[in-house]
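Work through the exercises below with the sequence and the model side by side. Try each task before reading its solution.

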Amino acid sequence: MKQITCAVSDSFDAIKLLEDVKKSFDYQNAENVLVNIFTKRVQKDYISYISDLILSGLPKAKISGLTCLEGFSLCENTAASTVITILCFQVSEVKVIEYDFSKISVNDAKKFFVEELRNFSNLRGIQVYTTPLKNDVTNEFLSDVDLIDADVPVFGAGAGFGELSEDHRLYVFGRGIYENGVVITLFGGDRLGIYAESTLGWTPIGKEMTVTDIQDNTVLKNLDNELAGEIYKKYLGVTSEKYFLQNTCEFPFMLKRGDKWVARVPIQKDKDGYIHFTADILKGEKLLFSYGSKNAILKHAFNLAEYMSRKNLEGLLLHVCRTRYLYLKETEQLELQAFSNFYRETAGCYAFSEILYKNKSGGLHNSALVAVGFREFNNAEEKLYSDDCYVENVFYGTSNYIDFNKWVSEITQNGKDNQLLPFEERLVNFLHATTRDLYLANLKLEEAATTDGLTKLFNRKKISEHISYELKKRDSKNIFLIMFDIDNFKRVNDTYGHDMGDEVLVRVAATAKSCIRSGDSIGRWGGEEFMILLPEANKEEAVSIAERIRTEISSLKWEKINQVTISLGVSGVRESDDDQTLYKRVDNRLYFSKTHGKNCVTSED
């Protein structure tokens, strides 16, 4: 695989690039070629002209692009209106799909999209360029990738317009040009590796607030039953509508999607005091304010760059939030250079929202940098042993990856021991330290309120909250519960004493927890009863996990007791279920196991 990137200022630059690429070994031997275009020229005629040049100059090419605040070609320092980056794949498949929502309904487009996914073999990644200011369908498309292996990442960006543009049109494009649409690229092949990761770097501060009223999932009306605009006035003193974005971009909201923290940056406050976003916010979600420390933001970016540098990449795309561009200013180039240091052809754009969705987490992002690396391996077996995952600790922790020392030294305290620190830097350090202390104290309080003191599992209140949340947001057929009870537990307490009873509870809880999947939840329901939530499971998986738990616990060795066994009930969610009907059914099945021999699993009424 080979990536070729060029910043073009005029048609001569583009024609020269295409002539050179067409003659190259990498293009001539490529099975598929994708050309990504990032342009700040929001002009249909210009986009059409550049696209026609590419399609006529490179017959193998498929096109995907968007308008943006600015594109960047990190191998060149020249400023240009358009960046063209060409990905030549030697053996991998590439397919571009386009939907124009002025001509097709969202529901019909989703049906076609799902069908395309079913028919595309060896799917490795999905690139999405969309128009988030013009439609709210992007996350709906992301939700439909539940049909796909959880390891397949969805990544991309939302189109925008130049900083000084008075005409706020925006486009995504492939063979067509769309002001309200989506252009999706599917990547496939058993030798293709795609590494899609994001970095944020903002630090949460203050209390959690609940979204109590929204409009169209992108307009925040009320937080904690208070007018959203008043929240900004209360905490930041921001009242102006005209300069609302500039006054609030350093303080995005943060919320959790799956196991991924994402940010939300407001773009305007309207006359009613409602706050508008480019990405979705859902009723009932918990938001926290966050603040930006340039040192912390850049440090996280350097860690991600170091991780990517170890992948021996053959292609690298960056989708960066314009908020980082506005906030980091001159230091923004430092994080981009951290990537170009090890991969010269790196290209990307400053977008109006970034997309990263994988392992059932994430979605549309703000304030983030999404990095997508590509590599074709010599054989499929080589790829199998190459994958790992970058984990960013948003809350005050440090990553396991070393920094780019060359760049860190320019922005940290090195050499400042005997200097007067600017007030802004001292204030940020103070905020960071006090917020960290508050966060850690709140963690202890939350643990006490949500964790069973003996077994260290969730308590009944917390596991109930997890179940209620899944019932509200997920397709009911994918959710299962396992409820189990320790057989003859009263006899253990009466015969051997409560200390032995406690030991049984602790070991049984730990054994059951070791048998469930990473996305499952387990809690102590009461006494010797336990409840397990299995989101994204089918009946065979649920019964298999229940049998594994039963077998492992019955095999435990005890000093005083011959054997400890459990009885289990398993139930999936029905469409008509609420929390109570689901609990009653799984409890009935547990009761059947208890009264029909014990040490067994019941999964039918």
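**Exercise 1: Strand 14 and its partners**

V219 has H276 in strand 19 as its bridge partner. The model is a predicted one, in which local features need pLDDT of at least 70 and side-chain atom pairs count only at pLDDT 80 or more, while totals for chains, interfaces and linings use all residues. Residues are numbered from 1 along each chain as its sequence is written, and side-chain values use heavy atoms, with hydrogens and water left out.

Task: find which strands pair with strand 14, and in which sense.

Solution.
1. Helices (H or I, at least four residues) and strands (E, at least two) are DSSP runs, numbered from the N terminus. Two strands pair if DSSP finds at least two bridges between them.
2. Strand 19 (residues 275-277) pairs with strand 14 in the antiparallel sense, over two bridges.
3. Strand 13 is also antiparallel to strand 14, with four bridges. Here Q215 has V219 as its bridge partner.
4. Strand 15 runs antiparallel to strand 14 and is joined to it by two bridges. In this pair L223 stands opposite E226.
5. Five of the five residues of strand 14 are buried, so the strand is largely enclosed by the rest of the structure. Buried means under 20% relative accessible area, exposed over 50%, and partly exposed in between (1.4 Å probe, protein chains only).

**Exercise 2: Positive phi in the loops**

Task: locate the residues with positive phi on either side of strand 14, and state whether N217 and N225 are buried, partly exposed or exposed.

Solution.
1. Most residues other than glycine have a negative phi, and most peptide bonds are trans.
2. The hairpin of strand 13 and strand 14 has three residues between the strands, and D216 takes a positive phi near 60° there.
3. N217 belongs to the loop between strand 13 (203-215) and strand 14 (219-223). N217 is not a glycine, yet its phi is positive, about 65°. The relative accessible area of N217 is 32%, so N217 is partly exposed.
4. The hairpin of strand 14 and strand 15 has two residues between the strands, and D224 takes a positive phi near 50°.
5. N225 lies in the loop between strand 14 and strand 15 (226-227). N225 also has a positive phi of about 65° without being a glycine. Its relative accessibility is 65%, so N225 counts as exposed.

**Exercise 3: Strand 2 and its surroundings**

Task: describe how strand 2 is covered and what it pairs with.

Solution.
1. In a regular strand the side chains alternate between the two faces of the sheet.
2. On one side of strand 2 lie N32, L34, N36 and F38, on the other V33, V35, I37 and T39, and all of these are buried. Because eight of the eight residues of strand 2 (residues 32-39) are buried, the strand is largely enclosed by the rest of the structure.
3. Strand 5 (residues 82-89) pairs with strand 2 in the antiparallel sense over eight bridges. V35 stands opposite I86 in strand 5.
4. Strand 3 (residues 61-67) pairs with strand 2 in the parallel sense over seven bridges. V33 stands opposite A61 in strand 3.
5. A right-handed β-α-β unit is made by strand 2, helix 3 (residues 44-57) and strand 3. A crossover is right-handed if, with the strands pointing away from the viewer, the path from the first strand over the helix to the second runs clockwise.

**Exercise 4: The largest nonpolar core**

Task: name the residues that touch the most other members of the largest nonpolar core, and the element that gives the most to it.

Solution.
1. A nonpolar core is a set of buried Ala, Val, Leu, Ile, Met, Phe, Trp, Tyr and Cys residues joined through side-chain atoms within 4.5 Å.
2. The largest such core has 44 residues, of which V35, I54 and I86 touch the most other members.
3. Elements that each supply at least two residues of this core include strand 1 (2-8), helix 1 (11-23), strand 2 and strand 5.
4. Helix 3 gives the most to this core, with five residues.

**Exercise 5: Helix 10**

Task: decide which residues of helix 10 are buried.

Solution.
1. The buried residues are E332, L334, E335, L336, A338, F339 and S340.
2. Seven of the nine residues of helix 10 (residues 332-340) are thus buried, so the helix is largely enclosed by the rest of the structure.
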